[in-house]
Amino acid sequence: MPPNLQDIADAAGVGKSTVSLALRNDPRLREATRERIRKIAAEMGYQRNAAVSLAMAQIRSRGHSTYQGNLALLNVSHHKDGLSMTSTFREWVRGCHERGKKLGYGVDAFWLFEPGWDVRKLMGVLESRNIQGVLVAGILEHRRLPPEFVPLGDRYPSVALGVRAVEPQLHSCLNDQYATAMTAVREVQKLGYLNPGIVIGKHVDRLVDHRFAAGFEAMVRELYEIESPPRFTFEDDGRDAFLKWMGKAKPDVLLTLHDPVRDWLETAEGKVGEGVGLVHLDLSPDHEGWAGMLQNNDLVGCRALDIIIGQIHRNEAGVPERPSCVMVESSWRSGETVKRVG
């Protein structure tokens with residue numbers, strides 16, 4: 001019996017949607033990832049059904065609505081390529097575009113700090129393109145939007161992607177990081193780990209209102225009755241301090257957002273998962289073999305677009321008096337960095 005997408009996903013250690021993208025040679029995945037998955041599929045004897053592919057393409061094309069208008073996807077970070085720097089950001093953008101196509105909205109990208117532009121010129125461009133609302137992404141500095149954004153926030157319906165903007169307070173859509181960490185703790189407890197720890201950087205922790213750390217600590221207290229679970233503050237050059245902390249705290253599994261932790265563990269202890277387990281709290285297609293949480297970041301983009309279209313239909317604009325926040329749930333994925341113990 002020929003393999004299906006789930007069989008290939010299990011063999012490759014990725015999600016089924018990632019296999020689908022790789023087999024379509026979708027550029028949203030790294031070329032090395034696409035080639036690796038296609039090679040696994042070929043070795044397993046997978047053959048694409050041309051009739052099914054054509055039918056799915058026709059179904060997707062019929063799902064697109066007629067043109068309704070244009071939205072702006074505004075990068076407010078000081079990095080022009082800020083929205084392509086991480087898989088998380090790229091998935092937000094993908095979700096915005098895919099939802100926009102389905103509902104009939106074009107999504108045009110802009111950078112707030114484009115050289116030679118000021119806010120007046122940017123607003124003129126938005127008006128010339130008949131922009132009806134602004135999706136705001138790249139909020140990285142203390143969750144405060146740059147002052148250059150204020151005229152746009154007064155003029156257009158706006159929603160923040162990925163974080164809760166506090167100044168000004170906008171509607172927002174993000175992953176439920178608190179529940180993400182809680183679910184991860186439940187999963188490692190079911191595997192038999194006895195002393196989970198968390199490794200997280202100060203900047204990331206502040207950016208998400210400490211929800212990863214708070215969810216982790218709350219669930220550890222509930223399931224393990226440990227009042228002060230092991231916690232290490234990540235820094236890029238903190239390998240030696242991390243290994244010293246490991247020797248004292250002795251966690252048997254770690255939750256983290258920081259990829260270098262795997263290298264640090266493998267340098268000190270050998271293959272991750274055979275000794276100390278490791279769980280990533282924001283898995284991407286590049287995290288081959290990792291166990292952890294799929295944040296479903298494309299849905300963050302989808303739901304954000306739904307929020308802003310709702311504002312447009314209600315003729316709402318400007319900073320909302322009572323901002324709302326929509327949170328997207330994560331999904332657990334097993335991998336070689338954890339095992340059943342005990």
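**Close-up views of a predicted model**

**View 1. A loop residue with an unusual backbone angle.** Asn130 belongs to the loop that links helix 6 and strand 3. Keep in mind as you look around that this is a predicted model. Most residues other than glycine have a negative phi. Asn130 has a positive one, near 55 degrees, and is not a glycine. Is Asn130 buried, partly exposed or exposed? Its relative accessibility is 45%, so Asn130 counts as partly exposed.

**View 2. A second asparagine with a positive phi.** Now move to Asn296, in the loop between strand 10 (291-294) and helix 13. Asn296 is not a glycine, yet its phi is positive, at about 55 degrees. With 24% relative accessibility, Asn296 counts as partly exposed.

**View 3. Asp298 and its contacts.** Here we look at helix 13 (residues 297-313), where Asp298 has its place. Buried means under 20% relative accessible area. Asp298 is at 18%, and therefore counts as buried. Which residues does Asp298 touch, leaving aside its neighbours within four places in sequence? They are Glu91, Arg94 and Gly95.

**View 4. An open sheet of six strands.** Follow the strands across the sheet and you will meet them in the order 2-1-3-4-5-11, with parallel pairing. Strand 2 (105-111) and strand 11 (325-328) are the edge strands, and each of them pairs on one side only. From one strand to the next, the twist averages 25 degrees. What holds such strands side by side? Strands of a sheet pair through backbone hydrogen bonds.

**View 5. Strands 1, 3 and 4 side by side.** Five bridges pair strand 1 (residues 69-75) with strand 3 (residues 131-137) in the parallel sense. Leu73 is a handy landmark here, standing opposite Leu135 in strand 3. Step across to strand 4, and you will find that Leu135 has Val159 as its bridge partner there. Strand 3 and strand 4 run parallel and are joined by three bridges.

**View 6. Strand 4, covered on both faces.** In a regular strand the side chains alternate between the two faces of the sheet. Which residues of strand 4 lie on each side? Ser158 and Ala160 are on one side, with Val159 and Leu161 on the other, and all four are buried. Strand 4 (residues 158-161) also runs parallel to strand 5, joined to it by three bridges. Two of the partners to look for in strand 5 are His171, the bridge partner of Val159, and Cys173, the bridge partner of Leu161.

**View 7. Strand 5, an enclosed strand.** Why is strand 5 (residues 171-175) described as largely enclosed by the rest of the structure? Five of its five residues are buried, so the description fits. Strand 5 pairs with strand 11 over four bridges, in the parallel sense. One residue to pick out is Asn175, whose bridge partner in strand 11 is Val328.

**View 8. The largest nonpolar core.** This core has 25 residues, and the ones that touch the most other members are Leu74, Phe149 and Leu152. Strand 1, strand 2, helix 6 (119-128) and strand 3 are the elements that give two or more residues to it. Helix 6 gives the most, with five residues. Try zooming in on Leu152: leaving aside neighbours within four places in sequence, its contacts are Leu74, Leu112, Leu122, Met123, Leu126 and Ser158. Another core, of 23 residues, lies apart from this one, and Val185, Leu191, Ile200 and Ala291 are among its members.

**View 9. Aromatic rings in company.** How many aromatic pairs does a search of the whole structure find? There are six. One of the pairs is formed by Phe242 and Trp245, a tilted arrangement with 6.0 Å centre to centre and 35 degrees between the planes. Both residues belong to helix 11 (residues 239-249), where they are three residues apart, about one turn of the helix. Phe242 and Trp245 are both buried. They are part of one aromatic cluster, together with Phe232, Phe234 and Trp264.

**View 10. A charge over a ring.** Our last stop is Arg155, whose charged end sits over the ring of Tyr156. The distance from the charged end of Arg155 to the centre of that ring is 4.5 Å.

How values were computed:
Residues are numbered from 1 along each chain as its sequence is written. This is a predicted model: local features need pLDDT of at least 70, side-chain atom pairs count only at pLDDT 80 or more; totals for chains, interfaces and linings use all residues. Side-chain values use heavy atoms; hydrogens and water are left out. Two strands pair if DSSP finds at least two bridges between them. Axes are lines fitted to C-alpha atoms, for helices over the stretch in contact, and angles run from 0 to 180 degrees between N-to-C directions. Rings of Phe, Tyr and Trp (its six-membered ring) pair if their centres lie within 6.5 Å; planes under 30 degrees apart count as stacked, over 60 as edge-to-face and the rest as tilted. Buried means under 20% relative accessible area, exposed over 50%, partly exposed in between (1.4 Å probe, protein chains only). A charge sits over a ring if NZ of Lys or CZ of Arg is within 6 Å of the ring centre and within 35 degrees of the ring normal. A nonpolar core is a set of buried Ala, Val, Leu, Ile, Met, Phe, Trp, Tyr and Cys residues joined through side-chain atoms within 4.5 Å. Contact means heavy atoms within 4.5 Å.
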